[in-house]
2 protein chains.
Amino acid sequence: MPGKLGPTPVEIELNAVIVAVRDNEPCILIDPAMALPSGPFETGHRTLEQGLRDWAEAKGGQRLGYVEQLYTFADKDRTTGHSRMVSIGYLALLRAAVLSADAVWSPWYHHLPWEDYRDDVPRITSKIIFPGLSEWKNASADPLVRRTRSQRVEIAFPKDKRLWNEELVLQRYELLWEAGLVAEAQPKKETAALGLPMAHDHRRILATAIARLRAKIKYRPVVFELMSDTFTLLQLQNTVEALAGLRLHKQNFRRLVNAQGLVEETGAYAAVTAGRPAKLFAFRRKVLMERAVAGTKLSRTS
Amino acid sequence: MPGKLGPTPVEIELNAVIVAVRDNEPCILIDPAMALPSGPFETGHRTLEQGLRDWAEAKGGQRLGYVEQLYTFADKDRTTGHSRMVSIGYLALLRAAVLSADAVWSPWYHHLPWEDYRDDVPRITSKIIFPGLSEWKNASADPLVRRTRSQRVEIAFPKDKRLWNEELVLQRYELLWEAGLVAEAQPKKETAALGLPMAHDHRRILATAIARLRAKIKYRPVVFELMSDTFTLLQLQNTVEALAGLRLHKQNFRRLVNAQGLVEETGAYAAVTAGRPAKLFAFRRKVLMERAVAGTKLSRTS
DNA sequence: GGCATTAATGCTCAAAAGGAGCATAATATG
DNA sequence: CATATTATGCTCCTTTTGAGCATTAATGCC
C-alpha cells in the first residue's frame, strides 16, 4: 500500500457506560466534566474485561455485575499528542450504588430526551426535531440527497408514533449530529441544544449502549441484573419500560414473563403502597443454564 | 489501584474474517500459514473500518462489501516483544473473488466440522465429541462442576438434534477448547484433532464471526451481500442453509422471503439444470431504506 | 360499614405468524 | 410416453401476539 507509515503508536482507553435504574429512571455514571468513567488499560491485566472490572471496582467501590463490550472506536480526531487514542466502549449493569465523591448518577434521558416515549411523544420532537430535520433535509440542492435524508428521518423519527422503533438510538443520534442539532456536532447551529451534552463523543457511546441494551432485553434476561433480589412484577415491568422508553401492556408482559419461566414466587408480598398487595418474585437463575435462548426465525425442516 | 504501571504500549492489529460462498460452501480467506488476513492499523486512516477496507483492497484486490466489527481481544498471551497486541476482529462479506497469490479460500466447515448439520448430525459428534466431552465432564471430582459441565454440554451439543441451536458456535468452540479436544487448547489431549486448526486464536475469531453471521441473517438482509445480482430462490436458500448449517423448509422459506418483500422478479429465468426452470430474482435494495427491521418482542400498549 | 380508588391477576377472543405437507406445473431424460 | 427433478401455489393446524373485559384484594374517606 502506498504511503505506508508503519504501526501507529496507540494508547488504549476503556470507556464504560455504567447503568443503574433508580426510581424508574435509567441512570449512567458520569463525572462532573460530563465524561463517562474511563481509564487506561494497564499492563497487569489479563484481559480487557478484567481491566475494566478492576478499575471500576477500585474507582467506584462497586463490583460490576453484567459487563459487555460495545465497540472499539479509533477515529482520527481521537488523538493525544502524537499517539493515537483507541477507545473501547463497555456496557455494565449495576444494582445498588454507593458512589465515590467525583461521580454522579445522571438520568440518561437528560442526555437523550427524545428517546423517552413512556409518556407519549416528547415535546421537543415536534417542536425542535421535526422542524430541524426538515430544514436540514431541504438544505441540500441534490434531490437524491433530499430523498435519502427524508427516508432516514422517516425511519428514525416516524410521524406515526406506532412506527417508533426504540432500538434505533444510534441512528437517531447520528442523524441529529449530522443535522447539527446536538451541541457536539461540527457544523452546529446556534440553536443546537437538544439534550444535555457530554464530553468528547461520549454521548455517541451512550447511544450505542442504550441501543444494545434495548435490543438485548428482548432475548436475554439481563434486566434482572438491575433488579434487587426480590421484586414485584410491576417493578420489573417499570424497569423494562424505563430502559425501552415505552409503555407495555401489563397483562401480556406478565404472560410473557411467566411463559418464559423467568421468575418464581417467593411466597412473600410487597409492603403495600396502594391497591391489592403484589407477590414478590425472584429471578430463576437456573434459566441462565437451562436455556441459551436465541431467536429462531428460520423455518427448518424436521 | 495497587501495582499501577501506567498506559501500556500497544499495537493494533486488524483481523478479518472475509467470507464468500462458493458451491454452497461458506469459505474464508486464509493464508498458507492458516492465519486470517491481518494487518496493522496505519496512521493514515480516518477510522478503523476504513483502515480495514483500504488494506483488504490493496491486498486482495477486492472491494469489501459488508463490513462489521466483531470483537476486540487483548489477552495477555497476545504479546509481541514488550508491547501488547490488541486485535480487533472484523467480519466482511464478499461476492466474487479473484485472489492474490498468497491467499486461499478455505471452507469454514473444514475448521469447525461439527457445525454443519445440513446432512444430519456430523459423524464426529457421536464418535468423538460426545465421548470426549463426557470424559471431560467426569474428570472433575467436584459434583457441582460436573453438573455445570453437564448442562453446558447439553445446551451446546444436545442429544436431541431438534434442540440444536446453530447460533452457539462460540460456546461450542470454547467447550471443546476447555475439554482439550481442539489442537489449540492448552492442556490438550493427544487425540485433539477436531477440525483443521488455525494460527493463534484465529479459529476462535472465526467462531465468533460465524455466530454473529448466523444470528444476523435472521433479522437483517445480509445474505444478499453474498449473492450475485440475480439468483433463484433455491440459490438463495442454499446460501442461507450453508451459513446456518441447517436445512430449511422450502415452501416456508419462500413464503418468508416474499412476505418480507426482500426480492422482486426480474422476468428472466435461470439457465436450466434440471426440472422446471426457476425465476430469477433480484434483491430489492429499497428495503434497506424502507425498513430498519428490528425484532420486536415487547408487547407495547397502543 | 359502604363506596370509590388503586393495583394485581385471571381469562377470553381474534389476528398474525410459524410449521408441515399435499398438489400441480414445467422442464429434461431415457 | 413414463420417470425424475425442481419450482410454485395453497391448505390446515398450532403457537404466538395483541387487546381488553372481569374479578380480586387492599387502602382511604364518608
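A polar contact is taken here as a pair of N or O atoms within 3.5 Å. The structure is a predicted model, and the contacts described below are read from its coordinates.

Mean pLDDT for chain A is 87, with 87% of the residues of the chain at 70 or more. Among the elements of chain A, confidence peaks in helix α2 (residues 108-111), where the mean is 98, and is lowest in strand β5 (residues 79-80), with a mean of 58. Over residues 1-5 of chain A, pLDDT stays under 50; for this stretch the model has 7 contacts beyond four places in sequence.

DNA strand C is surrounded by 21 residues. The closest are A:Lys250 and A:Gly275 from chain A, together with B:His249, B:Gln251 and B:Arg255 from chain B. Of the atoms of DNA strand C that come within 4 Å of the protein, sugar and phosphate account for 50%. By class, the surface near DNA strand C comprises 8 charged, 8 polar and 5 nonpolar residues.

Polar contacts to the strand involve side chains of both protein chains. In chain A, an N or O atom in the side chain of A:Lys250 is 2.7 Å from a phosphate oxygen of DNA strand C, and a polar side-chain atom of A:Arg254 lies 2.9 Å from a phosphate oxygen of DNA strand C. In chain B, the side chain of B:Asn252 places a polar atom 3.1 Å from a base nitrogen of DNA strand C. The elements that give two or more residues to the surface near DNA strand C are α8 (250-259) of chain A and α8 (250-259) of chain B.

Key:
Residues are numbered from 1 along each chain as its sequence is written. Chains are lettered from A and ligands numbered from 1 in the order in which they are written. This is a predicted model: local features need pLDDT of at least 70, side-chain atom pairs count only at pLDDT 80 or more; totals for chains, interfaces and linings use all residues. Side-chain values use heavy atoms; hydrogens and water are left out. pLDDT is the predictor's confidence in each residue, from 0 to 100. Helices (H or I, at least four residues) and strands (E, at least two) are DSSP runs, numbered from the N terminus. Contact means heavy atoms within 4.5 Å. A residue is near a molecule or strand if one of its heavy atoms lies within 4 Å of it. A polar contact is a pair of N or O atoms within 3.5 Å; within protein, one must be able to donate a hydrogen and the other to accept it, and residues adjacent in sequence count only if both atoms are side-chain atoms. Ala, Val, Leu, Ile, Met, Phe, Trp, Tyr, Cys and Pro count as nonpolar, Asp, Glu, Lys and Arg as charged, and the others, Gly among them, as polar.
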